[in-house]
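Here is a quick tour for anyone meeting this protein for the first time. Have a look at the model, and then we'll start with one residue before stepping back to the whole chain.

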Amino acid sequence: MLQSLHIKNLALIDEISVDFSDGLNILTGETGAGKSIIIGSIGIGLGGKFDSSLLRDKNSEGLVELIFWVDPESEKALRELDSEITPCEGQLIIQRRLVNGRTTNRINDHSVTITKLREVAEVLINLHAQHESTTLLKPRKHLAIIDSSDPEIIDLKEKVSDSYKKYKEVCDNLKELSKDEGEMAKRLDFIGFEISEIESACLNEGEDTLLEEQYKKMNASRDILSVLNDIYRVTGYDDSNSAGNVISRNLPRLRDLIRYDKDIEDIAEYLSNIDGLLNDFNRSLSDYMSSMEFDEADLRNTEERLDLINSLKMKYGKTIDLIKDTLEELKSEREKLANHDEIIAELKQKKDKLYKELSHAADELSLKRKAAADILTEKIKESLLLLNFNDVRFSTDFKKKEEITQDGCDEVCFMISTNVGEDIKPLQDVASGGELSRVMLAIKASLTTDNDMTTLVFDEIDTGISGITAEAVGKMMKCIAAKRQVICITHLAQIAAVSDHSFIIEKKVTGEETDKKTVTLIREIDEEGKIMEIARLLGGAQITDNVLATAREMVKSK
């Protein structure tokens with residue numbers, strides 16, 4: 001049940017709050033007072049469009065807040081939907097804020113996606129907005145209504161949908177494999193070329209990294225050798241002034257001095273070690289310089305190998321491992337193409353098997369739909385009789401689709417005749433606007449169950465009706481409201497008279513002389529206020545004593 005609605009900075013609304021009750025809540029007001037803004041705000045709270053164009057003050061935040069009392073059945077459904085969406089002491093608060101062009105959605109202080117918000121809303125409330133009756137002009141809506149009438153249909157629809165997905169996947173694979181034979185032959189030749197190109201390269205793991213290091217070394221070899229030669233010349237033994245030569249010449253002379261001073265022995269030992277280290281250094285340097293001797297052929301071969309590997313990387317993968325993975329995929333595809341006829345035969349067998357399963361599931365769903373449609377049709381017919389369709393005939397026409405889809409094999413159309421002597425015809429070809437409104441109300445009444453506590457919201461479902469018919473509609477809504485909360489906007493006195501709770505929506509001018517503005521307000525009215533409002537609906541601007549008496553009688557006899 002919707003306990004309260006809070007709206008801030010939306011259209012003509014500065015800020016209003018309204019508390020609803022169980023039973024039949026009726027909202028009335030003059031044309032242009034903002035009745036649809038109230039219902040529209042509920043729609044926004046349930047996940048409808050919410051952007052800056054709807055704000056009264058573009059520089060302030062917009063807010064719609066809905067507070068629901070959640071019954072145990074609805075709480076169970078919410079837990080199945082999302083374990084984190086838990087009412088607090090039976091209450092669930094939905095908030096939608098619009099600040100600086102950004103919308104935030106919260107349920108009991110938890111941020112949620114718009115998709116999740118809409119799923120939650122479906123459990124709590126059913127909003128029948130203006131012109132929704134025109135959806136009855138689309139036969140697809142008829143099928144959805146039948147499907148919603150029996151919970152067992154949902155499970156069968158899932159079974160059909162799963163079967164259809166499997167069947168469709170096999171059909172798509174078969175279609176892909178059944179391409180033109182010439183195209184397949186071209187593909188097979190091309191795959192063979194690609195496999196040969198990769199295999200002939202004889203790629204080794206890590207080869208590319210090693211080659212890149214070698215190539216860098218080869219490319220820089222001249223510069224490296226130039227520096228090393230200078231070092232070798234300075235530290236070696238070939239030049240008379242080089243360090244090695246100078247040390248080796250003077251080391252015997254230093255040792256000869258030991259006979260004069262024993263302390264020189266340690267110095268001579270140091271110099272001897274330096275001579276040994278320098279000798280080892282020059283040997284290592286010479287060996288390295290010898291290894292740096294590359295001819296132009298080595299450099300060219302390395303460069304060509306790197307070019308080959310890089311070209312394969314561009315075509316088949318960024319690394320050698322990825323190139324090898326591509327090779328395995330190509331071999332697998334070649335094998336499939338080579339065994340093309342066998343694979344197609346297997347897929348055809350699988351397709352036939354899956355189609356039988358799909359057909360069986362669709363037939364099972366169709367039987368359940370027809371049984372549900374028979375029950376629903378009788379309920380709708382009974383409701384239509386109560387809504388002043390005195391000679392109505394109503395039925396559901398089933399046709400089998402040429403192809404089974406994920407929705408099954410049924411095409412459904414509601415059929416109706418509202419006058420004696422007229423043939424029964426598709427609803428969309430017969431009903432007027434007022435008749436569509438009543439048919440929609442009859443459907444809503446027929447789908448109502450004792451266990452379904454979802455709030456029903458109607459925005460001017462009384463369009464196109466008056467008089468006795470309006471009275472019948474009021475009685476029907478009163479009957480629905482005995483089982484669940486109903487919120488309804490109306491402009492008919494006959495419907496307003498049967499309300500359990502009455503609200504008036506008004507447009508007023510507020511503010512000082514220099515800062516006046518028009519705002520929409522809503523307030524609950526007592527019984528005397530209700531009588532005055534019904535009198536206004538009956539008599540317009542001039543409310544006479546007779547009109548007031550009629551209004552009192554209507555309220556008294558409800």
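Let's begin with Ser-74, which sits in helix α2, a stretch covering residues 72-81. Keep in mind that we are looking at a predicted model. Is Ser-74 buried or exposed? Its relative accessibility is 9%, so Ser-74 counts as buried, the cut-off for that being under 20%. Its side chain has a partner, too: a polar contact of 2.7 Å links Ser-74 to the side chain of Asp-71.

Now zoom out to the protein chain. Helix α2 is one of 19 helices, and there are 15 strands as well. As for overall shape, a compact globule of 558 residues would have a radius of gyration near 24 Å, whereas this chain comes out at 44 Å. Along the principal axes, the C-alpha atoms take up a box of roughly 150 × 75 × 40 Å.

Here are two percentages that describe the chain from the inside:

| Feature of the protein chain | Value |
|---|---|
| Buried residues, out of 558 residues | 42% |
| Contacts between residues 24 or more positions apart, out of those with a separation of 6 or more | 68% |

What about the outside? The protein chain exposes about 31,300 Å², and 49% of that comes from carbon and sulfur atoms.

Last up, the charges. The protein chain carries 75 positive and 106 negative ones, and the mean positions of the two groups lie 4 Å apart.

Notes
Residues numbered from 1 in each chain as written. Predicted model: local features only at pLDDT ≥ 70, side-chain atom pairs only at ≥ 80, totals over all residues. Heavy atoms only, no water. Helix = DSSP H or I, 4+ residues; strand = E, 2+ residues; numbered from the N terminus. Rg over C-alpha atoms; globule rule 2.2 N^0.38 Å. Buried < 20%, exposed > 50% of the residue type's maximum accessible area, 1.4 Å probe, protein only. Contact = heavy atoms within 4.5 Å. Areas by Shrake-Rupley, 256 points an atom, 1.4 Å probe, with all protein chains shown as cover. Lys, Arg positive; Asp, Glu negative; His and termini not counted. Charge placed at Lys NZ, Arg CZ, Asp CG, Glu CD. Polar contact = N/O pair within 3.5 Å; in protein donor to acceptor, adjacent residues only side chain to side chain.
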